[in-house]
Amino acid sequence: MVRRSFPFVGPLWRAPLSRFTACLLLLVAALIWGSTFVAQKWVAMADQPIGSLAFTGARFLLGGLVVLPLAWRETRNARHRLERRHIIGFVACGLALLLGGWTQQLGIRGTTIGNAGFLTGLYVALVPILAWGLFGQRPHWVVWPTVVVCLAGAWLLTGAELGRLTVGDEWILLCSVFWAFQVTLVGVLVSASGRPLTLACTQFLVTGVLGSLAALFIETPAPAVYAAALGELLWAGCLSAGVAFTLQVVAQRYLHPATAAIIMSAESVFAALAGALILDERMSLVQMAGAALILFAILAVEAVPALDARRTAPRGET
């Protein structure tokens, strides 16, 4: 009897993924991240808000515990041990994740979901520069114009009314720098190590442990604030961290970091849609045009390289 496998039925980390499947996984991750802006806003505006460090530490600690059994199984079945440079890189990913998550949560207290989605999305412009400048990973030429289109679409999603930056907006701007480093490092390390789940689990646990310990000294959170934010923590921890960030790590093994960043920019579109569906915020025609531009950028960054490859392929190849 012949056993057939399908990438969504068997474990995604075992068999190589097609580019289409990898892109689809990143879109699912972006959908989860976009909806998580709502949970983060609810936590920030609560009567007894949990501190930004405490929330960041707790959510990624939950994410690490979700992925830990899968990472342990991956380690048991691995043919090669991780090198020291890989472990150092995994920890660096965790530090970037901690700083990105903390500054984003600080910023979202003082800005709108639309502004937060747009300003966070600025990492799209930084990733190709970092990947090329630090690691020599030159992106396809289509990345540069699609980054511009993507940022224009994200700006329109704010209603084209991004005014004077608030302190919250400035924190979000800083978080986009840390996200850019995290996305770039993940793209390099997951290909070099071949251990996506170990990378995901390590970065979550580094973020969770360091963030929680720092919160004890800086914010001194009471157990009651964790209990009050339990629903949001489960949403942001199990789904956003445990599922979405793991999908990111698995998918980035098959994509250039710049391409992955453009696809993940759909997060701002899903954030706007979540605001409309959950918070009853209506999208204007300008915002819909912005969403369409981001969709166009995502399609272009995948379609143009595929067409170029077909044109340059020798006759007879498909």
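In which helix is Cys-150 found? In this predicted model, Cys-150 belongs to helix H6, which covers residues 143-157. The residue has a relative accessible area of 2% and is therefore buried, since the cut-off for that class is under 20%.

The surroundings of Cys-150 draw on other parts of the sequence. When neighbours within four places in sequence are left aside, Cys-150 is in contact with Val-124, Ile-262, Ser-265, Ile-294 and Ala-297. One of these partners, Val-124, is separated from Cys-150 by 26 residues in sequence, while the C-alpha to C-alpha separation of the two is 8.1 Å.

The surface offers another view of the model. A nonpolar patch is formed there by Leu-126, Leu-134, Phe-135, Val-167, Trp-171, Leu-174, Val-177 and Phe-181, whose accessible area together is about 660 Å². Two or more residues of this patch come from each of helix H5 (123-135) and helix H7 (167-193). Helix H7 makes the greatest contribution, with five residues.

Phe-135, a member of the patch, is located in helix H5. Its relative accessibility is 36%, so Phe-135 counts as partly exposed; that class lies between the limits of 20% and 50%.

Helix H7 also holds Ser-176. Is Ser-176 buried or exposed? Ser-176 counts as buried because its relative accessibility is 3%. Apart from neighbours within four places in sequence, the contacts of Ser-176 are Leu-119, Thr-120, Leu-122, Tyr-123 and Leu-126. Among these, Leu-126 is also one of the residues that form the nonpolar patch.

Notes
Residues are numbered from 1 along each chain as its sequence is written. This is a predicted model: local features need pLDDT of at least 70, side-chain atom pairs count only at pLDDT 80 or more; totals for chains, interfaces and linings use all residues. Side-chain values use heavy atoms; hydrogens and water are left out. Helices (H or I, at least four residues) and strands (E, at least two) are DSSP runs, numbered from the N terminus. Buried means under 20% relative accessible area, exposed over 50%, partly exposed in between (1.4 Å probe, protein chains only). Contact means heavy atoms within 4.5 Å. Patches are made of residues with over 30% relative accessible area and no salt bridge: like charges are joined within 9 Å, nonpolar side chains (Val, Leu, Ile, Met, Phe, Trp, Tyr) within 5 Å. Accessible areas come from the Shrake-Rupley method with a 1.4 Å probe; for residues, only the protein chains shown count as cover. A salt bridge is a side-chain nitrogen of Lys or Arg within 4 Å of a carboxyl oxygen of Asp or Glu.
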